[in-house]
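Colleague: Please take a close look at one part of this model, the largest nonpolar core, and at a residue at its edge and one away from it. Give the cut-offs as you go.

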Amino acid sequence: MERPTSHGVYEILAQWDREAGVWVAESEDVPGLVAEADSPNVLAQKLRTLIPELLELNGVPSDRTARFHVRYQHEDSDVLAF
């Protein structure tokens, strides 16, 4: 059975996929979680549905509440001519 991190929150990392043009979320705290969306708001909506479903599939009792925290990471680089 998976449990939230020590402070009671499931940690999610969302990274910007420049090639696909979407945010991709994954978590070691929620086995099987992989979600993508074109905006952070849409991604958060998806996570509100996916996290409870995946937790239940992983044996976490469904009669409780869970909190999650998403850390959005966007790195960009380019070549500049001046």
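Modeller: A residue is called buried under 20% relative accessible area, exposed over 50% and partly exposed in between, with a 1.4 Å probe and protein chains only. By that rule Thr-65 is exposed, because its relative accessibility is 73%. The model is predicted, so local features need pLDDT of at least 70 and side-chain atom pairs count only at pLDDT 80 or more, while totals for chains, interfaces and linings use all residues. Residues are numbered from 1 along each chain as its sequence is written, and side-chain values use heavy atoms, with hydrogens and water left out.

Now the core. The largest nonpolar core (buried Ala, Val, Leu, Ile, Met, Phe, Trp, Tyr and Cys residues joined through side-chain atoms within 4.5 Å) has 16 residues. Ile-12, Val-30, Leu-33, Leu-43, Leu-47 and Ile-51 have the most contacts inside this core. Two or more residues each come from β1 (9–17), β2 (22–26), β3 (34–37) and α1, where helices (H or I, at least four residues) and strands (E, at least two) are DSSP runs numbered from the N terminus. Helix α1 is the main contributor to the core, giving five residues.

Leu-33 shows how these parts meet. Setting aside neighbours within four places in sequence, Leu-33 is in contact (heavy atoms within 4.5 Å) with Leu-47, Leu-50, Ile-51 and Leu-54, and also with Ile-12, Ala-25, Glu-26 and Ser-27.

Of these partners, Ser-27 deserves its own paragraph. Ser-27 sits in the loop between β2 and β3 and counts as buried because its relative accessibility is 11%. Beyond residues up to four places away in sequence, Ser-27 touches Glu-11, Ile-12 and Leu-33. The side chain of Ser-27 also makes polar contacts (N or O pairs within 3.5 Å; within protein, one atom must be able to donate a hydrogen and the other to accept it, and residues adjacent in sequence count only if both atoms are side-chain atoms). One goes to the backbone oxygen of Glu-11 at 2.6 Å. Another goes to the backbone nitrogen of Val-30 at 3.3 Å, and Val-30 is itself among the core residues with the most contacts.

Thr-65 is the counterpart on the exposed side. Thr-65 lies in the loop between α1 and β4 (67–73). The C-alpha atom of Thr-65 is 21 Å from that of Val-42, with the two positions 23 residues apart along the chain.
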